[in-house]
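Hi everyone, thanks for coming. I'd like to take a few minutes to walk you through a structure, so have a look at this.

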Amino acid sequence: MSINIGEISVPDLPVFFSMFLTIYLIAYFIAFRNWKPQIRPEASSCLISIFHGTPAVFLATRAVFSSSSRTFASANTASQNTVLDFSVAYFLTDLLHYIVFNPSDVLFIGHHLATLFVFLTCRFLVFHGACAILGLLILAEVTSACQNAWTLAGARKSDPDSRLAVKVYHLLSPPFYAFYSIVRGVLGPLFFVKMVSFYARGGAHGVIPNWLWVSWAIVVGTAITVSILWIWNLWIDLFRERKANQLGHDKKIR
């Protein structure tokens with residue numbers, strides 16, 4: 001797919017990449033210029049995530065359900081390829097963010113590289129399987145708006161001049177944790193099992209090689225496991241914090 005600019009046809013991917021890079025630079029140098037230097041990169045990363053996450057959910061949903069064939073082995077449609085290009089551009093931009101500002105964060109760098117592997121092979125190698133990949137994308141990004149708001153509030157909650165951030169962070173934490181737990185801990189694994197079962201039965205024989213769908217399964221299974229461990233630790237921290245606050249309150253009463 002390409003985007004027509006006047007009489008010039010430009011491929012989707014470089015256009016989307018330029019868009020996300022521009023948003024990141026505007027966020028870093030303008031929108032968050034008064035924030036502390038150590039949290040400006042994270043805030044800028046959150047902003048491009050906001051511009052990717054929710055739009056990707058709507059675009060992917062439309063692309064999947066507008067197709068006449070919606071199996072996990074169906075040929076990619078033009079609109080599905082556009083959504084893949086959109087997400088590839090976002091992950092490339094965010095990968096650059098981590099390489100520049102957080103090169104030691106091998107977990108996220110590895111996550112982005114693995115995600116790009118899945119998207120790029122689906123888009124440019126086998127030209128099939130977008131329904132499966134976009135289904136996973138929907139589940140991965142449906143929580144992004146809430147997560148990014150929570151992350152931005154968390155980044156500023158230690159700032160004494162931002163009392164609102166503290167309130168927003170504590171207000172958002174329980175519903176965000178619950179929402180994330182349902183999507184990543186229940187719906188995600190169910191979709192993953194359905195996808196792997198389809199491929200294991202030979203549903204994509206002749207269009208998606210075994211080594212590739214197995215690679216996809218390893219990447220997705222690892223991502224789901226890490227997500228579950230992450231949200232589990234957040235729940236533990238939340239209950240510990242509330243227990244500590246309750247003990248402190250009881251001591252004051254005594």
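I'll talk about the pockets, and then about what a database record says. Keep in mind that what you're looking at is a predicted model.

Okay, let's start with the largest pocket, which has a volume of about 1,400 Å³. Which residues sit closest to its centre? Those are F108, H111, H112, Q147 and R184, out of 46 residues that line the pocket. If you want to trace the walls by helix, look at α2, α3, α4, α5, α6, α7 and α8, since these are the elements giving two or more residues to the lining. And what is the lining like by class? We have 24 nonpolar residues, 17 polar ones and five charged ones.

Now to the second largest pocket, with about 150 Å³ of space. Around this one you'll find V64, F65, R70, F72, C131, G135, I138 and F191. Here α2 and α5 each bring at least two residues to the lining, and α5 gives the most, with three. Sorted by class, that lining comes out as six nonpolar, one polar and one charged.

Right, on to the record. An unreviewed UniProt entry lists residues 13-31, 43-63, 113-140, 177-199 and 211-232 under "transmembrane region". Let's check two of those spans against the model. Residues 13-31 are 100% helix, with 25 Å between the end C-alpha atoms. Residues 113-140 are 89% helix and 0% strand, and their end C-alpha atoms lie 16 Å apart.

That's it from me, so over to you.

Key. Residues numbered from 1 in each chain as written. Predicted model: local features only at pLDDT ≥ 70, side-chain atom pairs only at ≥ 80, totals over all residues. Heavy atoms only, no water. 1 Å grid on protein atoms, 1.4 Å probe; cavity = no way out; pocket = protein on both sides within 12 Å on 5 of 7 lines; lining within 4 Å. Points joined across faces, edges and corners; volume = space filled by probe spheres on them. Helix = DSSP H or I, 4+ residues; strand = E, 2+ residues; numbered from the N terminus. Nonpolar A, V, L, I, M, F, W, Y, C, P; charged D, E, K, R; others polar. UniProt positions renumbered as here; feature names shortened; annotations may be inferred.
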